[in-house]
Amino acid sequence: MDLELNGKRAIITGGSKGIGLAVARGLAGEGADVVLAARSAGPLEAAAAAVAAETGRRVLAVPTDTGDDDQVRELVRRTVAELGGVDILVNAAATPWSAGAPAGLADTTDEIVRREVEIKVLGYLRTARAVAPYLVEQRWGRIVNISGLGARQANSVAQTIRNISVSALTKNLADELGPSGVNVTVVHPGLTRTERLTDRLAADAEKSGRAIAELEAEIARNTLRRVIDASEVADVVTFLASPRSIAITGDAVAVGGGVPGPVYY
């Protein structure tokens with residue numbers, strides 16, 4: 001299937017590693033030109049160079065802190081100036097959630113919640129607000145927000161708040177922008193194989209003397225009983241960012257390999 005992405009122009013936040021980088025590879029592999037945004041310039045530039053070499057597409061690195069509205073607007077301005085416009089926004093910039101982070105009521109301070117909302121919710125709002133006028137003007141666009149299956153689990157006050165908030169933002173944007181030809185969706189990954197998880201498992205394997213595959217099998221509690229790779233999440237996001245996804249907007253798409261038990265409808 002031709003995803004009709006050749007020549008499209010995409011901004012990906014959180015694009016220097018993990019799911020964001022995997023999405024960059026997916027979109028560029030389908031013919032899109034890509035702007036990668038993240039806070040650290042060195043890793044970002046290396047990621048952009050790697051994707052460009054792999055795909056032959058134009059891939060730009062624009063260091064950006066999505067916690068700063070001026071930097072977000074400059075990101076979009078540079079994209080439009082250098083690529084001639086923008087068609088797709090993929091929001092993947094977020095502070096990694098740690099399994100050891102405070103989860104209960106007594107330990108969840110105001111600052112913890114503010115920190116989580118600042119980047120993953122307000123950051124997504126800032127980028128969407130800056131990009132939307134261009135999408136509306138051309139009467140076509142895609143916004144894909146990366147959230148997480150923490151939206152469907154009460155494991156942590158702050159984690160659930162930030163992920164549900166991304167879903168609420170997505171639905172509001174979808175209803176407002178839909179008549180202008182802009183689809184907005186939210187993707188919920190579960191446990192995903194990224195550089196961060198791979199490094200963690202490698203360290204655990206060295207300490208325990210056990211194989212990484214064995215350690216992965218222990219933590220894979222999804223329906224498939226295996227860890228989903230960032231590239232497999234990116235496959236879904238790439239489709240949602242394409243013209244082929246016209247029938248999907250305002251909805252949440254889970255990409256965690258299935259949650260055993262609950263029925264979602």
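**View 1. Overall fold of the predicted model.** Helices, of type H or I and at least four residues long, and strands, of type E and at least two residues long, are taken here as DSSP runs numbered from the N terminus. On that basis the protein, which is shown as a predicted model, comes to 9 helices and 9 strands. Its radius of gyration is 18 Å, close to the 18 Å that the globule rule gives for 265 residues, so the protein is as compact as a globular protein of that length. Taken along the principal axes, the box filled by the C-alpha atoms is roughly 50 × 40 × 35 Å. Of the contacts with a separation of 6 or more, 75% are accounted for by residues 24 or more positions apart.

**View 2. Surface and charge of the protein.** The accessible surface comes to about 12,300 Å², and carbon and sulfur atoms contribute 52% of that area, while buried residues make up 48% of the 265 residues. There are 29 positive and 32 negative side chains in the protein, and the centres of these two sets lie 2 Å apart.

**View 3. Strand S2 and its pairing with S1.** Strand S2 spans residues 33-38, and 6 of its 6 residues are buried, so the strand is largely enclosed by the rest of the structure. In a regular strand the side chains alternate between the two faces of the sheet. Both faces of S2 are covered, with Asp33, Val35 and Ala37 buried on one side and Val34, Leu36 and Ala38 buried on the other. Strand S1, residues 9-13, pairs with S2 in the parallel sense over 5 bridges, and Ala10 stands opposite Val34 of S2.

**View 4. Surroundings of Val184 in strand S6.** Val184 is found in strand S6, which covers residues 182-189, and with a relative accessibility of 0% this residue counts as buried. Leaving aside neighbours within four places in sequence, the contacts of Val184 include Ile143 and Asn145, then Thr170, Leu173, Ala174 and Leu177, and also Thr249, Gly250 and Asp251. Leu169 is 15 residues from Val184 in sequence, and their C-alpha atoms are 9.5 Å apart in space.

**View 5. Arg244 and the N-terminal residues.** Arg244 has its place in the loop between helix H9 (230-240) and strand S9 (252-255), where its relative accessibility of 39% makes it count as partly exposed. Although Arg244 and Met1 are 243 residues apart in sequence, their C-alpha atoms are 9.3 Å apart in space. Apart from neighbours within four places in sequence, Arg244 is in contact with Met1, Asp2, Leu3 and Glu4, as well as with Phe239.

Methods
Residues numbered from 1 in each chain as written. Predicted model: local features only at pLDDT ≥ 70, side-chain atom pairs only at ≥ 80, totals over all residues. Heavy atoms only, no water. Rg over C-alpha atoms; globule rule 2.2 N^0.38 Å. Buried < 20%, exposed > 50% of the residue type's maximum accessible area, 1.4 Å probe, protein only. Contact = heavy atoms within 4.5 Å. Areas by Shrake-Rupley, 256 points an atom, 1.4 Å probe, with all protein chains shown as cover. Lys, Arg positive; Asp, Glu negative; His and termini not counted. Charge placed at Lys NZ, Arg CZ, Asp CG, Glu CD. Pairing = 2+ DSSP bridges.
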